[in-house]
Amino acid sequence: MSTSPRERIIVALDTDAAGARELARALAGSVRWLKVGMTLFYQAGPAIVTELREQGFDVFLDLKLHDIPHQVRGAAESVSRLGVQMLTVHASGGAPMVAAAVEGAAEGAAVAGLPSPAVIGVTVLTSMSDDVLHSVGINRVAAEQVPLLGGVVRDAGAAGCVCSPQEAHLMRELLGPDALVVTPGVRPAGADVGDQSRVATPAAAIASGASHLVIGRPITEASDPREAVERIVSEMEGPNA
């Protein structure tokens, strides 16, 4: 697992293709990882992944696949041919579905002559509070539901999970030292939390066991995205990191 703070940052390109290209140019050489989520992928298609890969970035493809195992296996196989390094599925789809994604990803990458991407399971979205979980029939609080789904991820042979920083320590204990624990809901000290419910600062997320931090608006909406990255790196390297 990388210990460099800079290599732990995944910048979320939750914008259109033009905005993503502009941000990629601004961030070249500053970060290793870019996240392509549904907003960008559905607008720009697979070509945007290829374009970012050709610019030297590693791509975290965050489509949160969730369907019957056959469909998820086929989708994972298809997108893995693009050369992505990480791919998300919803752990709530169950161990057979997550395992199908792992198998499909390996098969697709092999066809393309590429390394298999790390398949990671999304546990509970960082926008969901305990009250929201209860409103959809889940009677456990997030601190209980996340480890339950972490067990699904582990049993399915996935590389790790996505969880909020508040559950990162639970996932690190459950999944072990080599697992990927990817945390959205990361906000620099004093930043607006937006639509996130379970958040932490970058330094706190790393201290809790996160391997990678997904950070969007604090970087992408900054007047100088590159400078915003440097401030976050400095915060991560600070005395409390």
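1. A residue counts as buried when its relative accessible area is under 20%. S30 has a relative accessible area of 1%, so S30 is buried. The model is predicted, so that value is computed from predicted coordinates.

2. Where does S30 sit? Its place is in a loop, between helix α2 (17-27) and strand β2 (33-37). Read together, the points give a loop residue that is nonetheless buried.

3. Which residues touch S30, once neighbours within four places in sequence are set aside? The contacts are R6, R226, V229 and E230.

4. Now the whole chain. The protein holds twelve helices and eight strands. Its radius of gyration is 17 Å, and the globule rule gives 18 Å for 241 residues. The two values are close, so the protein is as compact as a globular protein of that length. Along the principal axes, the C-alpha atoms fill a box of roughly 45 × 40 × 30 Å.

5. Burial extends well past S30 as a topic. Of the 241 residues, 50% are buried. The exposed area of the protein is about 10,300 Å². Carbon and sulfur atoms supply 51% of that area.

6. Contacts across the chain come next. Take those between residues at least 6 apart in sequence: 68% of them join residues at least 24 apart.

7. Last, charge. The protein carries 18 positive and 27 negative charges. How far apart are the mean positions of the two sets? They lie 3 Å apart.

Definitions and conventions. Residues numbered from 1 in each chain as written. Predicted model: local features only at pLDDT ≥ 70, side-chain atom pairs only at ≥ 80, totals over all residues. Heavy atoms only, no water. Helix = DSSP H or I, 4+ residues; strand = E, 2+ residues; numbered from the N terminus. Rg over C-alpha atoms; globule rule 2.2 N^0.38 Å. Buried < 20%, exposed > 50% of the residue type's maximum accessible area, 1.4 Å probe, protein only. Contact = heavy atoms within 4.5 Å. Areas by Shrake-Rupley, 256 points an atom, 1.4 Å probe, with all protein chains shown as cover. Lys, Arg positive; Asp, Glu negative; His and termini not counted. Charge placed at Lys NZ, Arg CZ, Asp CG, Glu CD.
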